[in-house]
Amino acid sequence: MLTAAIAPGTAMSAPGNRKMGYAIVGLGSYATRQIMPQFANCESARLVALVSGTPAKLERYGAEYGVPRTHLYNYQNFDSIRDNPDIDIVYVVLPVSMHAEYTIRAASAGKHVLCEKPMAMSSAECEAMIAACRQAGKRLMIGYRCHFEPHNRLAIELARAKFVGPTRQITAAHGFNISAGQWRLDRTMSGGGSLMDIGIYSLNAARYLTGEEPTEVVALESTDGDDPRFRTVEDRIDFTLRFPSGVIASCVSSYSSGHNDYRVIGTNGWIAMEPATPYSGHVMHVRKDGVTERRELPPPVKNQFVAQLDHLPECVSAGNEPIVPGEEGLRDLRIIEAIYRSARERRAVTLVSA
Ligand code: NAD
């Protein structure tokens, strides 16, 4: 029977006798609503420190999570985390423009790093982050939570096992109607528009569902220049990726319409996920030999957030690379840069895999 197990070679059992300590940098929406409550269910990770520029947030969340005052930091004294042996891992949950700086400062302070997606503003920044962590002898992982989510893991397994025949096409669409007045709409902080923030889920899915790297991309952008939200970033950018096996992936990325789905179409059926990459509530259907079935999975022992938080400490203990290392973020950034180039220059762009 096909299961949704974590990739072979990945340590999933609790290592050693101590949970590793995380410092969360950036107490915004994702950190406080989605990530921090999950530590209660982790077996290899615990929340030990907080970093914020807002004293009231440090006060509030420090009290809520029992973080001592000695373990509350701001952006100025952040580097003194090097003197705190309770902190093993720094989780960077900041606007994209700050990812490289805080990853490099964390590695320099002798800490492993989990950094949110998109990894950085550019592939050059990604390379600098990877180099800094390597030089410090520290692990670097990117917050691609879907790689830890059971429905997505099953979809990967079914697609790569050719359960519905060899894959011929993938469609993937991600988008939402963004509200004005946030850093995501300021290119100097986000590095780009919908593609960097949400379209990256379509891109990453096309890559994890095929297990291949694209060789060519063609993109079309559609942005209403009169919409004040899109003064510096793109709204919609659709892109088509060609993979070495012949699979064509048609992907949507939008900041003005709601999408959250993908479909793997094989010679003998399809695997459909909608919603595909939410925080919870995934729905999967599989059609094979003319019969369509809903695949319902039992509640996982660890949800995607818990599995992700536990994964890095377990890799550190076992001496393994994370399943989503810095190189995974770098690959997406290189393709994102090619997608932007294709849209700008109105031509297909060839990708050189590294
Ligand atoms: P947010 O705006 O809610 O939080 C950003 C945090 O950064 C805030 O606490 C803010 O105070 C802080 N910050 C520090 N300096 C800042 C500055 N100069 N300008 C603006 N904010 C500043 O954003 P978020 O939704 O929590 O996103 C944070 C990161 O998490 C991003 O990289 C985003 O892509 C990622 N994210 C990932 C997921 C996921 O599912 N993996 C979901 C949401 C967000």
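**From the backbone loops to the ligand site**

K162 lies in the loop that runs between α5 (150–160) and β7 (167–175), and in this predicted model K162 has a positive phi of about 60° although it is not a glycine. A second residue of this kind is D289, which has a positive phi of about 50° and is likewise not a glycine; D289 is placed in the loop between β13 and β14 (291–295).

The backbone also contains cis peptide bonds, and these too can be followed by way of the loops. The bond that joins K117 and P118 is cis, with an omega of about -15°, and P118 belongs to the loop between β5 (112–115) and α4 (123–136). Another cis peptide bond leads from E274 to P275, with omega near 0°, and P275 is found in the loop that separates β12 (269–273) from β13 (284–288).

K117, the residue that precedes P118 in the cis peptide bond, also leads the reader to the ligand, since K117 is listed with S29, R145, W183 and R184 as coming nearest among the 22 residues around the ligand. Where does the ligand lie with respect to the two domains? Domain 1 (15–145 + 305–323) and domain 2 (150–298 + 333–350) both give residues to the shell around the ligand, so the ligand lies between them. Of the helices, α1 (29–35) and α7 (194–210) each supply at least two residues of this shell. Sorted by class, the shell comprises 12 nonpolar, four polar and six charged residues.

Which atoms of S29, H99 and W183 approach oxygen atoms of the ligand? For S29, the partner is a backbone N or O atom, which lies 2.8 Å from an oxygen atom of the ligand. For W183, by contrast, the side chain takes part, with an N or O atom of that side chain 2.8 Å from a ligand oxygen atom, and for H99 a polar side-chain atom lies 3.0 Å from an oxygen atom of the ligand. Taken alone, the ligand exposes 830 Å², and the protein buries 78% of that area. The space that the ligand takes is the largest pocket.

Notes
Residues numbered from 1 in each chain as written. Predicted model: local features only at pLDDT ≥ 70, side-chain atom pairs only at ≥ 80, totals over all residues. Heavy atoms only, no water. Near = heavy atom within 4 Å. Polar contact = N/O pair within 3.5 Å; in protein donor to acceptor, adjacent residues only side chain to side chain. Areas by Shrake-Rupley, 256 points an atom, 1.4 Å probe, with all protein chains shown as cover. 1 Å grid on protein atoms, 1.4 Å probe; cavity = no way out; pocket = protein on both sides within 12 Å on 5 of 7 lines; lining within 4 Å. Sits in = over half its atoms within 2 Å of the grid points. Helix = DSSP H or I, 4+ residues; strand = E, 2+ residues; numbered from the N terminus. Nonpolar A, V, L, I, M, F, W, Y, C, P; charged D, E, K, R; others polar. Domains from an automatic or database assignment.
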